[in-house]
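Dear colleague,

Please find below the structure that I am handing over to you, followed by a summary of what was found in it.

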Amino acid sequence: MTPLMVSVSGIRGIVGESLTPGVVSGYADAFGTFCKGGTVVVGRDTRRSGPMMEHAVFAGLMAAGCRIINIGINPTPTVQLAVEKLGASGGIAITASHNPEEWNALKFINKEGRFLGKDDIDRISNDAEKDTFENAEISRLGEVETIEDIHADHIRALLELETVKVDKIRKHGFKTVVDCVNGAGSIVLPELLHELGCEVLKVNCDPDKPFGRGAEPLPENLDELCKSVRKNNADIGFACDPDADRLAIVDENGKAIGEDYTLVLAADYILGMKNGAIATNASTTMLIDYIARKYNRDVFRSKVGEIHVVEKMIENSCVIGGEGNGGVIYPALHYGRDALTGIALVLMQLSSSGKSVSGFVDENPKYYMTKKKADITGTDLGSVFERVKKTAGRGTLDRTDGLKLIYSDRWIHLRASNTEPVIRIITEAPTRDESEKLADKYINLLKTE
Ligand code: MG
């Protein structure tokens, strides 16, 4: 049985195995207690276990005396923004994000609309497991209210930003194809694109259907989108994951350019407009350093995980941040990875520069990333890292998250996953061959006990 995974990404498990109604309502009760029985916003993605999970979450929150605002199927960033705008005490996004359909999860959000830090997660987890949360008296049991169409507020807030010049994007008249994996972005992403004056063609945008492709917006899952971009002569294709916090891009030739480019495109626009630094995680492309150098801006690196990047951004007053997995965080709107924000900033970049997507990619240095994973059940990570350190040579050792060896034009990053019992091996180098060879070298090193 796959165990319940507890991390800064929330609690995550396979429904019916580690994720049962009892576990879910216990965690919701503990979270409701953490929110002192205040108002909690609840939203979810489209997976089949969503309604069951939702009812279990409601039961736990009601027992804690919380007033619940149910916003139904919505992206995780919309839940985060709703918490902030409605002045709620917290929020729960019911989504296992990029995990397959049989998984689900609770992502806990604090009153500022940000994910909880490790200490708060530990406290809730401890309360949930030991059953030490308090339950409200019968007269104080919570109630559920429903708000429909809150996604329209998200679009409005985004389009009111000074840096999002709606007229400029509208004037350009982009032809777009959008693939929302039939997830939580299926309604709101096409609506946003319409608002931006785009022609919108849809792939996998039916929230009543199961996921129409692999859940992650990785190039290998985007064949249908790529074909549609080519067939319809579109300018750009957008793909998100089931809870629409991650965004990937397909160029005008129907080529998936890789998730890392989303933040690179958005950062190139914002760093050119605003004076300030960028923060990203240790596994994100070196292209971020290249773009930052172009505008003479600092880059701060954090551990992998949205809240770690957000903390780094706040600490250094960054004007933009995010993760290489397609998660763009633009603090002028809110501190959350947000596919809607990603779309607006990418279209601003293209309409301001007059470049096509492939034009942008071609004028920047080429780096190829390889991402592999290895099962670490029963492995001593400490001894693995010792062996890796011995291979460093002239490289810089970085311990921000796991172990990273950094050279002038390449790097290797090894870290334990937050969401699966594996070690991730990520490499980047100027050619695909070099990048893959580097990854294979370290996979083999892991195997030699
Ligand atoms: Mg996600």
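Helices α9 and α12 are oblique to each other, since their axes cross at roughly 60° and angles from 35 degrees up to 65 degrees fall outside the parallel and perpendicular classes. Please note that this is a predicted model. The axes of α9 (residues 260-273) and α12 (residues 339-353) come within 8 Å, and the crossing of α9 past α12 is left-handed. On the α9 side, the contact is made by Thr262, Leu265, Ala266, Asp268, Tyr269 and Ile270; these meet Leu345, Val346, Met348, Gln349, Leu350 and Ser352 of α12. By class, the residues of this contact comprise eight nonpolar, three polar and one charged.

The second point concerns the magnesium ion. Its protein donors are Ser97 (OG), Asp241 (OD), Asp243 (OD) and Asp245 (OD), at 2.0 to 2.1 Å from the ion. The spacing of these donor residues in sequence is S-x143-D-x1-D-x1-D. Two of the donors can be described further: Asp241 is buried, with a relative accessible area of 0%, and Asp243 is buried as well, with a relative accessible area of 1%.

The third point concerns Val177, which belongs to strand β8 (residues 175-179). Val177 has a relative accessible area of 0% and is therefore buried. Beyond its neighbours within four places in sequence, Val177 contacts Leu201, Val203, Leu225, Ser228, Val229, Ala234, Ile236, Gly237 and Phe238. Lys202 lies 25 residues from Val177 in sequence, with a C-alpha to C-alpha distance of 5.7 Å.

Yours sincerely

Note on methods. Residues numbered from 1 in each chain as written. Predicted model: local features only at pLDDT ≥ 70, side-chain atom pairs only at ≥ 80, totals over all residues. Heavy atoms only, no water. Axes fitted to C-alpha atoms, helices over the stretch in contact; angles between N-to-C directions. Helix = DSSP H or I, 4+ residues; strand = E, 2+ residues; numbered from the N terminus. Parallel < 35°, antiparallel > 145°, perpendicular 65-115°, else oblique. Left-handed = near helix turned anticlockwise from the far one by under 90°. Contact = heavy atoms within 4.5 Å. Nonpolar A, V, L, I, M, F, W, Y, C, P; charged D, E, K, R; others polar. Donors = N, O, S within 2.8 Å, 3.2 Å for Na, K, Ca; no water. Buried < 20%, exposed > 50% of the residue type's maximum accessible area, 1.4 Å probe, protein only.
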